[in-house]
Amino acid sequence: MNLNSTVLFLTALIISGCATLNGPFKIFRPHSSSIEMAQVLNENQFVEEFSLKAKFAYVLDDKGGSGRFIWHYKDNQDEIDIFSPFNNQIAKIIYSENDKRIIDMHGKILSGNDFDQYIQSLFGKNISPDLFRHLITNHIERINNLHKDDNHLNRPIHFYDNDWNININAFKTQNGFTIPSKILISQGTFSFNFLVEEILDIAGK
């Protein structure tokens, strides 16, 4: 995909959720800063496969966007279908160690280095699915170069370094497995909110 096509795709995606600073985050209110679960969590429990519905909102400076997605993770591959706030599918992400692709609503494919550049251009930051997946599956040992503290209910809920700040504000449980359901990451004027609406399927050990 050439630069012009990429810009058009970016523009369509951003316009679908473009808003002022307060707008995108309305879908996350009321927001709780505490863990919404009374039971003690098992820090040695790992999720190996999952399917979930989630919504997101991000802000960079005074602009941002929001949307929803369905995320399937199985056999070390992510498939993420991204929808606008109006439930129109705008992209599909295929992500694994050897295969990184974004397929837009017209079937155009963005892959390789263009994938990373697209994410950087879209959010102003290069955020891969790895970070959220490690938090969801509880494989936090795979999150490099971040400090961990606030080990509340036997699971870390705060990760940070000199630039990034990540907070888990709630957990959701299904079939005995527990995953973070509200994640906020921020860096400077950039904020990204991730909220799990429904766990469709989950498996682990």
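## Pockets, cavities and a buried strand

The largest pocket here has a volume of about 340 Å³. Keep in mind that this is a predicted model. The chain has 205 residues, 47% of which count as buried, and its secondary structure comes to 3 helices and 11 strands. Below is a quick tour of the open and closed spaces, then of strand E3 and its partners.

**Largest pocket**

- There are 14 residues in the lining of the largest pocket, and those nearest its centre are Leu131, Ile143, Asn144, Leu146 and Trp164.
- Helix H3, which covers residues 129–137, gives the most to this lining, with 3 residues.
- By residue class, the lining of the largest pocket splits into 6 nonpolar, 5 polar and 3 charged.

**Second largest pocket**

- The second largest pocket holds about 170 Å³ of space.
- Its lining is made up of Tyr73, Asn76, Asp78, Tyr95, Ser96, Glu97, Asp130 and Arg133.
- If you're thinking about electrostatics, the lining of the second largest pocket has 4 charged residues, next to 2 nonpolar and 2 polar ones.

**Cavities**

- Turning to closed spaces, the structure has 2 cavities of 30 Å³ or more.
- The second largest cavity offers about 40 Å³ of space.
- Around the second largest cavity sit Leu135, Asn138, Ile140, Arg155, Pro156, Phe159, Ile168, Phe171 and Pro180.
- Two strands, E8 (155–160) and E9 (165–174), each supply at least two residues of that lining, and E8 gives the most, with 3 residues.
- In class terms, the lining of the second largest cavity comes out as 7 nonpolar residues, 1 polar and 1 charged.

**Strand E3 and its neighbours**

- Strand E3 spans residues 77–83, and 5 of its 7 residues are buried, so the strand is largely enclosed by the rest of the structure.
- On one side, E3 runs antiparallel to strand E2 (residues 63–74), and 7 bridges join the two.
- Phe83 in E3 is the bridge partner of Arg68, and Phe83 also stands opposite Gln89 in E4.
- Strand E4 (residues 89–95) pairs with E3 over 6 bridges, again in the antiparallel sense.
- The E2–E3 hairpin has 2 residues between its strands, and Asp75 there takes a positive phi near 55°.
- The E3–E4 hairpin has 5 residues between its strands, and in this hairpin Asn87 is the residue with a positive phi near 65°.

**Whole-chain picture**

- Reading from the N terminus, the elements go α-β-β-β-β-β-β-α-α-β-β-β-β-β.
- If you count contacts between residues at least 6 apart in sequence, 54% of them join residues at least 24 apart.
- The accessible surface of the chain comes to about 10500 Å², and carbon and sulfur atoms account for 47% of that surface.

Notes. Residues numbered from 1 in each chain as written. Predicted model: local features only at pLDDT ≥ 70, side-chain atom pairs only at ≥ 80, totals over all residues. Heavy atoms only, no water. 1 Å grid on protein atoms, 1.4 Å probe; cavity = no way out; pocket = protein on both sides within 12 Å on 5 of 7 lines; lining within 4 Å. Points joined across faces, edges and corners; volume = space filled by probe spheres on them. Helix = DSSP H or I, 4+ residues; strand = E, 2+ residues; numbered from the N terminus. Nonpolar A, V, L, I, M, F, W, Y, C, P; charged D, E, K, R; others polar. Buried < 20%, exposed > 50% of the residue type's maximum accessible area, 1.4 Å probe, protein only. Contact = heavy atoms within 4.5 Å. Areas by Shrake-Rupley, 256 points an atom, 1.4 Å probe, with all protein chains shown as cover. Pairing = 2+ DSSP bridges.
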